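Colleague: Thanks for making time today. Could we go through this model together, one question after another?

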Amino acid sequence: MKKIAFVFTQAPHGTSGGREGLDAVLATSALTEEIGLFFLSDGVFQLLPQQNPDKILSRNYIATFGVLALYDIDQCFICRDSLTARGLNDDFEMVLKAQSLERWQISEYLSTYDVVLTF
């Protein structure tokens, strides 16, 4: 069975990348259990709780990340360097439990996956 990585690099609002990525993760979870989620660059904002997308006339899908554990998706990683660059640290509250890694560690982990999809 192939290992599939989903890399989130875009902020949650302003584009549909995050929502489309989440839809792809949920669909793929029916086919394989070898799924990893990676949050890099502005993608780290995907995990911030208490967002108010209705104020910018956007759909709220962020909370759906919190139910991924029900789909046996527990390999989740967030880039510590990306957090620091955006004024966050790795002890902030997240909607999904994710392990904080340095950028070089993220690269090493990604190299173990057969397929890498970026959103």
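Colleague: Happy to dive straight in: which residue forms a salt bridge with D42?

Modeller: Bear in mind that this is a predicted model. D42 sits in the loop between β2 and β3, and its partner lies 44 residues away, in the loop between α2 (80-85) and β4. The closest N and O atoms of the pair are 2.8 Å apart, inside the 4 Å limit for a salt bridge. The partner of D42 is R86.

Colleague: Is D42 buried, exposed or partly exposed?

Modeller: Buried would need a relative accessible area under 20%, and exposed would need over 50%. D42 has 32% relative accessibility, so D42 falls between those limits. Its partner R86, with 28%, lands in that class as well. The class for D42 is partly exposed.

Colleague: How many salt bridges does a search of the whole structure find?

Modeller: One is the D42 and R86 pair we just discussed. Another joins the side chains of R80 and E102, at 2.7 Å from N to O. That pair links R80 in helix α2 with E102 in the loop between β4 and α3 (103-110), 22 residues apart. The search of the whole structure gives two.

Colleague: And what class of accessibility does E102 have?

Modeller: Let's take both ends of that bridge. R80 counts as partly exposed because its relative accessibility is 26%. E102 has a relative accessible area of 23%, which is above the 20% limit for buried, so its class is partly exposed.

Colleague: Let's turn to the sheet. Which strands stand at the edges?

Modeller: Five strands make an open sheet with parallel pairing, in the order β4-β3-β2-β1-β5. A strand at either end of that order has a single partner, so one of its sides has no neighbour in the sheet. From one strand to the next, the twist averages 25°. The edge strands are β4 (99-101) and β5 (115-118).

Colleague: Which residue in β4 is the bridge partner of C79?

Modeller: β3 (75-79) is the strand that includes C79. Strands β3 and β4 run parallel and are joined by three bridges. In β4, the residue that partners C79 is L101.

Colleague: Now for the helices: at what angle does α1 run to β1?

Modeller: The protein chain has three helices alongside its five strands, and the elements run β-α-β-β-α-β-α-β from the N terminus. Helix α1 (residues 17-28) lies across β1 (4-8) and β2. The angle between α1 and β1 is about 165°.

Colleague: Which residues does A24 touch, leaving out those up to four places away in sequence?

Modeller: A24 belongs to helix α1. Its C-alpha atom is 8.6 Å from that of a residue 18 positions away along the chain, F6. With sequence neighbours left out, A24 touches F6 and F119.

Colleague: One last thing, about the surface: which residues form the nonpolar patch with V67?

Modeller: V67 is in the loop between β2 (35-39) and β3. Its relative accessibility is 34%, so V67 counts as partly exposed, and that value passes the 30% cut-off for patch members. Together the patch residues have about 320 Å² of accessible area. The partners of V67 are L70 and Y71.

How values were computed: Residues numbered from 1 in each chain as written. Predicted model: local features only at pLDDT ≥ 70, side-chain atom pairs only at ≥ 80, totals over all residues. Heavy atoms only, no water. Patch = residues over 30% accessible without salt bridge, like charges linked within 9 Å, V, L, I, M, F, W, Y side chains within 5 Å. Areas by Shrake-Rupley, 256 points an atom, 1.4 Å probe, with all protein chains shown as cover. Helix = DSSP H or I, 4+ residues; strand = E, 2+ residues; numbered from the N terminus. Buried < 20%, exposed > 50% of the residue type's maximum accessible area, 1.4 Å probe, protein only. Pairing = 2+ DSSP bridges. Axes fitted to C-alpha atoms, helices over the stretch in contact; angles between N-to-C directions. Contact = heavy atoms within 4.5 Å.
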